[in-house]
Amino acid sequence: MGLEEKLPSGILLTTVEKIAGYARKSSVLPATFGLACCAIELFQAGGPRHDLARFGMERASATPRQADLMIVAGRVSQKMAPVLRQIYDQMADPKWVISMGVCASSGGMFNNYAIVQGVDHIVPVDIYLPGCPPRPEMLLDSIVKLHDKIQNMKLGPHREAEIEELEQASLRRLPLAVNVGGHQAAPPRPEPALSQPAPPQAEQESGE
């Protein structure tokens with residue numbers, strides 16, 4: 001006895017956005033893009049223990065034109081950056097990116113000229129996955145969060161309004177530290193002055 005038995009006359013009311021979001025989140029196909037040790041955890045997530053096939057994502061596309069999810073697993077070198085961007089441009093729209101591991105997200109321990117300090121300098125990132133390397137369970141959690149984002153994605157004019165609202169919200173956000181990225185933090189609130197007792201008046205000696 002499924003859900004159809006509880007529907008009156010077999011009719012279910014929904015919206016085009018919900019149907020499109022459900023179809024998109026249920027057919028996400030990742031592109032093969034393993035760069036370093038995080039790729040080993042990505043392979044493990046596709047094994048029988050964690051079973052990535054439960055989300056319909058067991059087929060990793062060898063061609064970007066049949067993929068809509070890029071999982072950047074590992075550090076991105078300066079030589080690899082244009083290749084990564086080219087593969088991203090060849091992917092089908094709509095497309096999403098998961099930055100897997102601290103090296104892909106911020107450069108990690110490789111703070112030098114040869115490694116890109118964050119893959120978001122090359123492609124837009126939807127989900128940042130911390131860890132060095134992150135466990136397959138963490139990757140599955142990030143995929144579930146991405147599915148929720150895809151499910152609630154707006155379409156048409158609603159999508160443009162949502163993007164504008166998110167951009168304005170990020171512009172209004174204050175930095176967490178002073179002088180980070182060339183921005184000044186908001187001045188601290190002045191503390192209320194405590195009332196201090198008046199100093200005792202000096203007694204005037206009578207000149208008699």
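How many bridges join β1 to strand β2, and do the two run parallel or antiparallel? I started my notes there, keeping in mind that this is a predicted model.

**Entry: the sheet.** I found 2 bridges between β1 and β2 (residues 69-73), and the two strands run parallel. Looking at who faces whom, I saw P30 standing opposite L69 of β2. I then traced the whole sheet: it is open, has 4 strands and follows the order β1-β2-β3-β4, with parallel pairing. β1 and β4 (127-129) are its edge strands, each pairing on one side only.

**Entry: a helix on the sheet.** Next I looked up α2, which lies across β2 and β3 (96-100). Its angle to β2 came out at about 130 degrees.

**Entry: the largest pocket.** I noted a volume of about 460 Å³ for the largest pocket. It has 15 lining residues, and those closest to its centre are D126, K149, R159, I163 and L166. Helix α6 (residues 157-172) gives the largest share of this lining, with 5 residues. By type, I listed 8 nonpolar, 1 polar and 6 charged residues in the lining.

**Entry: the second largest pocket.** Here I noted about 230 Å³ of space. Of its 13 lining residues, P30, L42, F43, L52 and A60 are the closest to the centre. I was pleased to meet P30 again, the residue opposite L69. The elements giving two or more residues to this lining are β1 (30-31) and α2 (38-45). The lining divides into 9 nonpolar, 3 polar and 1 charged.

Terms used
Residues numbered from 1 in each chain as written. Predicted model: local features only at pLDDT ≥ 70, side-chain atom pairs only at ≥ 80, totals over all residues. Heavy atoms only, no water. 1 Å grid on protein atoms, 1.4 Å probe; cavity = no way out; pocket = protein on both sides within 12 Å on 5 of 7 lines; lining within 4 Å. Points joined across faces, edges and corners; volume = space filled by probe spheres on them. Nonpolar A, V, L, I, M, F, W, Y, C, P; charged D, E, K, R; others polar. Pairing = 2+ DSSP bridges. Contact = heavy atoms within 4.5 Å. Axes fitted to C-alpha atoms, helices over the stretch in contact; angles between N-to-C directions.
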